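User: I've got a structure I'd like to talk through with you. Can we take it one question at a time?

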Amino acid sequence: MKKTQGVIQGGCIFFLTAIFGTCFGVAGDSRVLELSRLSIEELISIKVTSVMKIPQSWSKTPAAIYVVTQEDIRRSGAENVPDLLRMVPGVQVAEIDEDIYAISIRGFNDAHANKLLVMVDGRSIYNHIFSGVIWSYMNVVMEDIDRIEIIRGPGSSVWGANAVNGVINIITKKTEDTKGMFAGFSGGYPGRVSGTVRYGGEIGNNAGFRIYARGYENHNDHLSQTGDDAGTVYNSVMTGFRTDWDVTSSDNVFLHGEMSRYASDTVENNPIIPDKLIRSVDTDAYHLLGRWRHTFSESSEAAWRIYHQHEKRREDYEFDTTDIDFQHDFKWKERHQFVWGLGYGFISDEMIKGLLGRYTYNPVKRDQSLFSFFLQDTVQLSPDYLNLTLGSKYEHNDYTGSEIQPGIRISWTPHERHIFWGAVSRSVRTPSRIDSHATAKQGSKLSGATGPPLNAKAVRGSEDFESEELIAYELGYRLNPRDAFNLDFAVFYNVYDKLFTYEEREPGIWEIVNDMEGETYGIEITADYRPVDWWRLSGCWSYLEMDMRLKNDQAADLTEYVEETNPKHQASLHSAFNIRDDVELDLSIRHVDSIGHHRPALRLASMPGETGDYTEIDIRLAWKPVRNVELSLNGKNLGGGHREFSNYEIDESILFKVKIGFGN
Amino acid sequence: MNLLFQFFIALKTPLKLQRHFIAVLLLFHMIVLVFAPISTSYSQKFTDNEVKAALVFKFPVYVRWPENAMNDDMEKFRCCIIGEDPMVKFLTQFNGEKLIGKTIHVKQISDIDTLEDCLMLYICSSEKGKLAEIMKSIEGKPVLTIGNMKAFATNGGIINFIMKEGSVHFEINPEAGKKAGLEINSKLLRIANISGNK
């Protein structure tokens, strides 16, 4: 497409000239001495940048890591986490249907993407039924997020199964950062409103709390996945609290609880049945999380974490998860930094109809438990220059028994600003409830990225289904965040085995098997440039190639489907510009390559095709008329609308936001 | 830019306005390109740690040490740092600078017992777990303790950095200063937030 090329070229030229134009502007040492000429009164009145909010340790992490900071969140104008993840390199985000997202890292994207671990404050929010995340249930107060850490590549040697292609960890703010009253409201076109209130304070000298509530309602008329006129109303309310308590100078306890309700109704007007209710979802959930951290000394720390969560989708399923884990970090003989941990998780479920409602489960009710242990040692081979990290996780689950997931990482820091790293790791995706116990009739689909062949009368899971395996090879370089410019570069080569496909067991009856293998490889580059405190430019480019093969001629050929549902190229550029101290202008452009979206499994299999590449522009203009008040106008998808994963059309939207209070 | 045009067409914006808007956008970026190198040197943005480091060497002007503490070495003003944090690299830049008629000597120590004749002690945030121990071993010594962590001043530290509305600020525990035998000028106390022992 010519016009998109134009935009991209323009963006590149603009970016490059900006870099060259200001390279020589970064100057001067002894800035501190210069500062010391000022008086105390002058010094305490200087507005300071709160450095890079990336903790020191991250810049030295030998992994492809990206941190979304509070400033990124605020300036993105995003209303939910999926929209925030669009700016992250190597992450595929696609809205399949109103409020239904497919999100993955380094490929294998689908509504039921299952090679990703997502956590909030260390609590896994995955749904064990399909080993994935239902993103629409994640109603979070965006202003309460401290940062989101995204690790591309396996994190299994510490986090275990399902951290196959990556880990997303959302970390919420401590209560000391959310004192006082906060209220936020947003409304816009097409029909959406949301509101947030939060109040935070102190309890005595050493403890703090916050309580909060958030709700939203969206109305949308659109084309459904099947191409018919459809309308959806969905709303969500949630409320919760958090307390942080410094019991002693070396003990910290934090407690977080939340309950939420989510409901959506989609009505479709197809030529035969007008106002047909095609989907109704009604979900209640709650969780309680506690963590106790004890510091033994400067180099030794231990933490206990325990949580319980409950999720019930009316008429579909219900489950309870209880998880307890322990982790201990300590230094040994100067050169060794050890981390080890133990974990136990228990899930009890009842599957009524399961996801999408056309499944039967055998057994209907099931309890499952998981035991895990990990040990990791980071050795300083040559102090300050060369570090070696060796570690492995051992897990025992009820589906496949024992799983071992080792990893080795090496990092070389020739200079404090430059870090080169490489890693080889093994990771597995253990079977989900659907993989093992579900039967779907009428050509519905099971988990994984794919549906069964068109002639299937039924597809069924199998207890013989084994874990999908990955051996990942990664290399990276990072120019550490300091001064005005930083850069992150990563390449990977992933070798998968025992991937999911189907085989015909009886005429028309297909069963899940591990008969696909393949490789993926790609490059991700992120650059961030801040020549002056009132202008920041950040951009990223990701490239992904997937090559799948069947291991058995009899297996259903899903290779093309898996390969084509992920864009090869993705690029984005964001300019955060402060016109005045109280006026901010944000411009972002993103380009996503075309994907195939044949969906042989869906009812209207006659709708295969392609989702073309798209380029979109988002604009945000924000004004702070007085302190603690922010008004903003957010235009999204101003490039004219597009499709991302299906025939569902995503249109322009305009959102007006008001935020009042502290800690925003 | 074509897409922007399409957007304006969709909104039925007059052609003239569209061009105007795009021209303004381009102008913005031109301004940045031209002025960025100049403005870095004029309106520099400092990090909190840089400002804190500069403040550390402002405090001694407002503090009077007991006679015997100052007598040890007339020439040198010794400042010790214990632990590790991002402030260290800024503090060490003051080595050799003049302060209250003496030459600054910044020294990193790993053990609190090697404190010797330091007049000032900066306790890094890494030492949070060992704070009580450190405080105990310097009890009664004429050392100006400066910290950069929560609850430092309420646990016996004299000066602690805090953030206030996007600027660096500090709190002082005058009682802790008195215990160390230091006299803190009222001007400094007026600027600071006053904190007490827990």
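User: Among contacts in chain A between residues at least 6 apart in sequence, what percentage join residues at least 24 apart?
Analyst: Keep in mind that this is a predicted model. Chain A has 9 helices and 36 strands, and 44% of its 664 residues count as buried. Taking its contacts between residues at least 6 apart in sequence, the share that joins residues at least 24 apart is 61%.

User: Which strand of chain A gives the most residues to the largest nonpolar core?
Analyst: That core has 84 residues, and A:Leu84, A:Ile96, A:Tyr101, A:Ala102, A:Ile103 and A:Ile150 have the most contacts inside it. With 6 residues, the top contributor from chain A is strand β25 (residues 485-506).

User: And how many residues does the other core have, the one that lies apart from it?
Analyst: B:Phe59, B:Val143, B:Phe152 and B:Phe170 are among its members. The number of residues in that core is 49.

User: Leaving aside neighbours within four places in sequence, which residues is A:Tyr101 in contact with?
Analyst: A:Tyr101 is one of the residues with the most contacts inside the largest nonpolar core. Once those sequence neighbours are set aside, its contacts are A:Pro82, A:Val93, A:Ala94, A:Glu95, A:Ile96 and A:Trp135.

User: Which residue in the turn between β18(A) and β19(A) has a positive phi?
Analyst: β18(A) (residues 365-382) pairs with β16(A) (residues 336-351) in the antiparallel sense over 15 bridges, and there A:Gly343 stands opposite A:Ser372. β18(A) also pairs with β19(A) (residues 386-397), again in the antiparallel sense, over 12 bridges, with A:Phe373 opposite A:Tyr394. These last two strands form a hairpin with 3 residues between them, and the turn residue with a phi of about 75 degrees is A:Asp384.

User: Over in chain B, how many residues of helix α3 are buried?
Analyst: Helix α3(B) spans residues 48-56 and is mostly covered. The buried set includes charged-looking names such as B:Asp48, B:Glu50 and B:Lys52, along with B:Val51 and B:Leu55. The count is 9 of 9.

User: Which element of chain A has the lowest mean pLDDT?
Analyst: Chain A averages a pLDDT of 84, with 86% of the residues scoring at least 70. Residues 1-29 stay under 50, although the model has 40 contacts beyond four places in sequence for them. Residues 446-450 are below 50 too. At the top end, strand β24(A) (residues 468-479) has a mean of 95, while the lowest mean, 43, belongs to helix α1(A) (residues 2-23).

Terms used:
Residues are numbered from 1 along each chain as its sequence is written. Chains are lettered from A and ligands numbered from 1 in the order in which they are written. This is a predicted model: local features need pLDDT of at least 70, side-chain atom pairs count only at pLDDT 80 or more; totals for chains, interfaces and linings use all residues. Helices (H or I, at least four residues) and strands (E, at least two) are DSSP runs, numbered from the N terminus. A residue is buried if 20 or more other C-beta atoms lie within 10 Å of its own, exposed if 12 or fewer, and partly exposed in between; C-beta atoms are placed from the backbone. Two residues are in contact if their C-beta atoms, placed from the backbone, lie within 7 Å. A nonpolar core is a set of buried Ala, Val, Leu, Ile, Met, Phe, Trp, Tyr and Cys residues joined through C-beta atoms within 7 Å. Two strands pair if DSSP finds at least two bridges between them. pLDDT is the predictor's confidence in each residue, from 0 to 100.
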